[in-house]
Amino acid sequence: MATISCEFHPHAHLIEDYRAGDVICTECGLVVGDRLVDVGTEWRSFSNEKSSGNDPSRVGAPENLLLGSSDLSTCIATGFGGSDGDRMLANSQRKNMSNSDRQMSQAIGVIREMADRMELPRPVQDRAAKVFKDALDTKALKGKNHEALAAACLYIACRRERATRSFKEICAVSRVSKKEIGRSFKQICNVMETNLDQISSADFMSRFCGNLGLPHKIQLAATRIAKKAVKLDLVVG
């Protein structure tokens, strides 16, 4: 703006009218510049203008590096009130995804749903998705129950991120049996040669005591008892 000034009031302050695209002199109202482009953020939703949700995003979803087809292609969003044409376009887009990307996308959805119900942090969810991706890339688990595999991956991620959960807790938020999750867990560990530290009751003590509202000294005492029991082989199996 330093090169633009009013010819009658060279030192006058100029204002920008983005609606009209003009630069105006505040002293006499002379338009000293036009065709101005607004470079500010446009808080208008393009993700689904027909939906009732308040989505100020002007771009698509963030790139997901776990999907092989992450690029700048357009994603058709549909929601409540969307037309039949919108839904047909969205279904067509899903059909055009590669088989591995479609499986990965479904698994991420399952993992997110289970993790949200257990109130697990995002790093655990991301780790679970990465484990599933690595297992999928081996091609050795083709034809297996993907929901059971996703649950097993979440279990592995919880242990790696020190947010240990039991098979019973994972099963409670899943639609598959504990036996299926355990079988999938063993298959993933064998295929990927995954080694996990053995868990004990002490790993659950902090969370359990916190849920019960017990003081820290009780937690320390319970943890010592649990570790002592392991050393004495009182809790084998």
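This is a short talk on the helices, strands, ring pairs and cores of one predicted model.

Hi everyone, a few ground rules before we start. The model is predicted, so I keep to local features with pLDDT of at least 70 and to side-chain atom pairs at pLDDT 80 or more, while totals for chains, interfaces and linings use all residues. Residues are numbered from 1 along each chain as its sequence is written, and side-chain values use heavy atoms, with hydrogens and water left out.

Let me begin with the strands. Strands here are DSSP E runs of at least two residues, helices are H or I runs of at least four, and both are numbered from the N terminus. Strand β1 covers residues 14–17 and is joined to β2 by four bridges, the two running antiparallel. Two strands count as paired if DSSP finds at least two bridges between them. One of the partnerships puts aspartate 17 opposite aspartate 22 in β2. On the other side, β2 is joined by two bridges to strand β3, residues 31–33, again antiparallel. There, valine 23 has glycine 33 of β3 as its bridge partner. With five residues between them, β2 and β3 form a hairpin, and glycine 29 in the turn has a positive phi of about 80°.

Which way do the residues of β2 point? Asp22 and Ile24 point one way, Val23 and Cys25 the other way, and all are buried. By buried I mean under 20% relative accessible area; exposed is over 50% and partly exposed is in between, using a 1.4 Å probe and protein chains only.

Now to the helices, starting with α4. Its 15 residues should span 21 Å, and its end C-alpha atoms are indeed 21 Å apart. The expected span is 1.5 Å times one less than the number of residues. Of those 15 residues, 13 are buried, so α4 is largely enclosed by the rest of the structure. At the start of α4, a side-chain oxygen of asparagine 145 comes within 2.9 Å of the backbone nitrogen of glutamate 147. After α4 comes arginine 162, with a positive phi near 55°.

Next, α6. This helix also reaches the expected length: 15 residues, and 21 Å from first C-alpha to last, close to the 21 Å expected. Its buried residues are Ile181, Gly182, Ser184, Phe185, Gln187, Ile188 and Cys189. What do they pack against? The buried residues of α6 pack against α3, α4 and α5. Contact, by the way, means heavy atoms within 4.5 Å. Following α6 is glutamate 193, whose phi is positive, near 50°.

On to the rings, my favourite part. Rings of Phe, Tyr and Trp (its six-membered ring) pair if their centres lie within 6.5 Å; planes under 30 degrees apart are stacked, over 60 edge-to-face, and the rest tilted. The count comes to three aromatic pairs. One of them is stacked: tyrosine 155 and phenylalanine 167, 4.0 Å centre to centre with 15° between the planes. That pair links distant parts of the chain, with tyrosine 155 in helix α4 (residues 146–160) and phenylalanine 167 in helix α5 (residues 167–172), twelve residues apart. Phenylalanine 167 also pairs with phenylalanine 185; their centres are 5.6 Å apart and their planes at 75°, so this pair is edge-to-face. Here the link is from α5 to helix α6 (residues 178–192), 18 residues apart. Tyrosine 155 is buried, at 3% relative accessible area, and phenylalanine 185 is buried too, at 14%. Together, ring pairs link Tyr155, Phe167 and Phe185 into a cluster.

Finally, the cores. A nonpolar core is a set of buried Ala, Val, Leu, Ile, Met, Phe, Trp, Tyr and Cys residues joined through side-chain atoms within 4.5 Å. The largest has 36 residues, and those with the most contacts inside it include Met114, Val124, Leu154 and Ile188. Helices α2 (99–117), α3, α4 and α6 each supply at least two residues of this core, and α4 gives the most, with eleven. Valine 124 touches Leu154, Ala157, Cys158, Glu161 and Ala163, leaving out residues up to four places away in sequence. A second, separate core of five residues includes Cys6, Ala12, Leu14 and Val23.

One last pair of residues. Methionine 104 sits in helix α2 and is buried, with a relative accessible area of 0%. Glutamine 125, in helix α3 (residues 122–137), is buried as well, at 5%.

Thanks for listening!

How values were computed: A polar contact is a pair of N or O atoms within 3.5 Å; within protein, one must be able to donate a hydrogen and the other to accept it, and residues adjacent in sequence count only if both atoms are side-chain atoms.
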